[in-house]
Structure formats: structure tokens, C-alpha cells
Amino acid sequence: MSDKRIKVLFFHHGGNQGGAPRSLAFLIDHMDKMKYDPYVLCCLDFEDNKKLFESVAAKILYAPKMGAWHGSTVSGMSPGMLYFNMRHVIPTYFGIAKIMREVNPDIVHLNSTCLAFAAKAIRKHYSEIPIVCHVREPLLDGIWGDILRKLNDSSVDHYIAIEKYDADSLHTQLPVDIIYNFVDFKIYNTDVKSECLRNELGISKKDFLMLYLARISPENGALEMLKSILPLLKRRKDIHLCLVGATPDNRTQYLIDVEELCVGMENIHILPFRKDVPQVIASSDIMLVPFQQPHFARSVIEASAMGVPSVASNIGGITELVLDQKTGLLFDYHSFAGLIEQCELLADNVEYRNELGRNAVEFAHEYFDAVKNTIRTCEVYDRVLAMKRGNTYAKKSKK
């Protein structure tokens, strides 16, 4: 393999769970390794992240004292979060220089806007190195979001946003490409068949199984959904709800409230996160996405790729992933009005459910294809590298 490959240093801010590491792994896996030489800098969950990113042929670096400055609608802001942010600023700002000397990358790809202090340090000491920044969550309004906006805008060359809603939260004049998170159709496809949840939980193949696949937290709306849908589940014992996303090692009050609401309900099942995601989705009839904060729903695009329609809240970002009455159904995230009717409609109308599923697969292949979106991402690299090398660079507006 040529030693003239383009070195790409990816900076991953978080742990091994969630959409960000999986999305980054999909990207690296589909990159042309004859052209690009990927490195990944990790701060948390080193052994799990190392295993994940080495599986897609990346070289791994570890910097446990470095980290993120959170300021998105998903992280929110609290005294505890502010303390977390402050203790990572100096190690990140000064630690990135050592990493840059060690790797000597041609381009840096930050896996989140929360890595703004790393961007600032790179720009100060390595002005010739282009920086691409992924926008994975909408930024907060006010001072906490503004810190990230100003730091990133003064350092980043190009943004890649996973949704238009997220891109709009930047309020930037810099170039932004909208490239949705993507799925690997070799893993998520309609050929995957499974009854794993039904077999484990003793659910009949004739019963209707609704899947919630996300962390059980306020921003994801699990408790609010349960309160709204409970009358249906009490009335229809042939309809089951499975919530996959409990965190046994971090039993928050919110999770406890969810568990207490489910006491005595034999058709509600709460499970921890698990690795057999394609099989879990394949064993379900619909995906439930009751998000209360705007952010990307990886569960939607994975379900779409497998022909499973979603019933989701009409909050920002989600409305880009679910086409109402075409690939799924949307309900009002303020009131949950229509949720029961939509779930019961899909439970009783298999033909309509299958039609939505077929449309969802087509939509997924158009917008969430790993190969197509990796090519688009690498085209961004080529453009920013050309710019830094003094070649013609046509700045793209949001699209």
C-alpha cells in the first residue's frame, strides 16, 4: 500500500455506545484504504473503542484526559456538565499538539462540534491542516451554544451535518454539506430474519410487537410515550411494547419511573442495550421514536433499511428521516395526540404496514446508503485539501 496515502485523523469524543461511534466506524469501513490512512483518537471506553475501530482497519490512539465541551440540545447544560467541560479544556487544548506531532495528519475530522477547543488548538499551531467538523446534534441557544459556534467557526474549514435541522443551529456562513448518517446494507437489510425478541419474551408470532430502541431518558421521551400509550396496552394484550435501552449500571430516577409504570404489565418489556441490533429490529413490527429533543434517530434509518416503518414524534430532525404517511407516521411531540390510533392502525392493517415498510427501504437506499455517503464525505476531504493547497475550491452552500 502506498505511503502517499492521505492521513485522516478522526477525533472521537465519546464512548462506544450510541450513534456517533457506529457512524464513524461505518465511514472508516467504507473508505478507500488505498487512498486514505485513518487514525482514530479516543478519550473514553478505550478497549471497546479500540476493538470497534480496529475492526475497520483504523489505527487507534488514546488520550484519556482529553475530551469534549458539551453544548448541544442533547447534552444540555447543568453545573455538573459545566464542571465536566471545564476539566477537559486545558488537557484537550494542549494535548492535541502531541497527537498532531505523532500522527502528522493531512486532514483532521472532528466527530462532533463539542471538540471545538481541539479545533482551536489545531488551527493556532497547524494552520495548514484542514479541519472538517461533524455536526451530530443541534447546538443550544444562548451562551453555551455560542461558545461552540464561535470556536468552531474561527477554526473549522468545512462542516458535515447529519441533518439540515442541525446545520441550521450553527448559524454559520461556512460551507456545510448535509450528509445523513448511514447504514451498512450488508448488515441491515430485508433479508435478515429473526424472532429473537419473541422467543426470549414468549411473544406469539401473531401478536404485534412495537420496539423502542434508544436510551431511556427524558430527551428520548420513553416515559411520556408510556403514559400516552398505556391505555392501548391495557386494552390490547395482543400488542406488546419492548423498550431496549435500559442502563442497569446507571439507574436514573427517570428509568425507575418508567419501570414503576410498567409494573403488572405483561406486554411491556424493558431490556438493556444489546449488540444484536439487526435481529432485534427484524423481530419487531414497528419502531417507536418518541423523541422530545431534536436529534438524529439511528433507530429510524436502521429500521427503514430493514423495511420496518417508524411511528415517531414530529420534532426537528426526525421529520427529515420519516416521511409522514409514506415511510412511517408522525405524531405531535407536545401532546402525543394520535399515537394510540397510529399504533392500532398499523397493528390491524398489515397491508398498510408493509407498504410503509417498502417505501422506507427505498428512502433508506436513496439517503442513508453507506457507500454513497462515504463517497460524499471523501469528496469533502478532497475539496478542503485542494483549498489548503491553493487549488480551486468551490465553496458549497447548505443543501
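Let me start with phenylalanine 336, which at 8% relative accessibility counts as buried, the cut-off for that word being under 20% relative accessible area. I should say at once that we are looking at a predicted model, and that everything I mention this morning has been computed from it. Phenylalanine 336 sits in the loop between strand E13, residues 328-331, and helix H13, and its phi is positive, at about 60°, although the residue is not a glycine. A second residue to look at for its backbone is alanine 57, where phi is near 70°, again a positive value in a residue other than glycine; alanine 57 belongs to the loop between helix H2, residues 46-54, and strand E3, residues 59-62.

From the loop that holds phenylalanine 336 we can go on to H13 itself, which covers residues 339-348. How much of H13 is buried? Seven of its ten residues are, so the helix is largely enclosed by the rest of the structure. The buried residues are Leu339, Ile340, Gln342, Cys343, Glu344, Leu346 and Ala347.

One of the elements that H13 packs with is helix H8, and here the angle is about 45°, with the axes of the two helices 9 Å apart. That angle makes H8 oblique to H13, and the crossing of the pair is right-handed. If you would like to find the contact on the screen, look on the H8 side for Met225, Ser228, Ile229, Pro231, Leu232 and Arg235, which meet Leu339, Ile340, Cys343 and Glu344 of H13. Sorted by class, the residues of this contact comprise seven nonpolar, one polar and two charged.

H8, residues 222-235, also packs with helix H9, and for this pair the angle is about 15°, with the axes 9 Å apart. H8 and H9 are therefore roughly parallel to each other, and their crossing is left-handed. The residues that meet are Ala222, Leu223, Glu224, Leu226, Lys227 and Leu230 in H8, and Tyr254, Asp257, Val258 and Leu261 in H9. This contact divides into seven nonpolar residues, no polar ones and three charged ones.

Staying with H9, which runs over residues 253-261, its buried residues are Tyr254, Leu255 and Val258. Why do these three lie on the same side of the helix? They cover an arc of only 100° around the axis, which is what places them together on that side of H9. As a general reminder, an α-helix has 3.6 residues a turn, so residues three or four places apart point the same way. The buried residues of H9 pack against H8, and also against strand E9, residues 239-246, and strand E10, residues 268-272. The face turned away from that buried side carries Gln253 and Glu260, which are exposed.

I will finish in another part of the chain, with leucine 151, which has its place in helix H5, residues 143-153. Is leucine 151 buried or exposed? With a relative accessible area of 15%, leucine 151 is buried. Leaving aside neighbours within four places in sequence, leucine 151 is in contact with Ala116, Phe117 and Lys120. As for alanine 119, that residue and leucine 151 are 32 residues apart in sequence, while their C-alpha atoms are 7.7 Å apart in space.

Terms used. Residues are numbered from 1 along each chain as its sequence is written. This is a predicted model: local features need pLDDT of at least 70, side-chain atom pairs count only at pLDDT 80 or more; totals for chains, interfaces and linings use all residues. Side-chain values use heavy atoms; hydrogens and water are left out. Buried means under 20% relative accessible area, exposed over 50%, partly exposed in between (1.4 Å probe, protein chains only). Helices (H or I, at least four residues) and strands (E, at least two) are DSSP runs, numbered from the N terminus. The arc is that of the directions from the helix axis to the C-beta atoms. Contact means heavy atoms within 4.5 Å. Axes are lines fitted to C-alpha atoms, for helices over the stretch in contact, and angles run from 0 to 180 degrees between N-to-C directions. Angles under 35 degrees count as roughly parallel, over 145 as roughly antiparallel, 65 to 115 as roughly perpendicular and the rest as oblique. A crossing is left-handed if the near helix is turned anticlockwise from the far one by less than a right angle, and right-handed if clockwise. Ala, Val, Leu, Ile, Met, Phe, Trp, Tyr, Cys and Pro count as nonpolar, Asp, Glu, Lys and Arg as charged, and the others, Gly among them, as polar.
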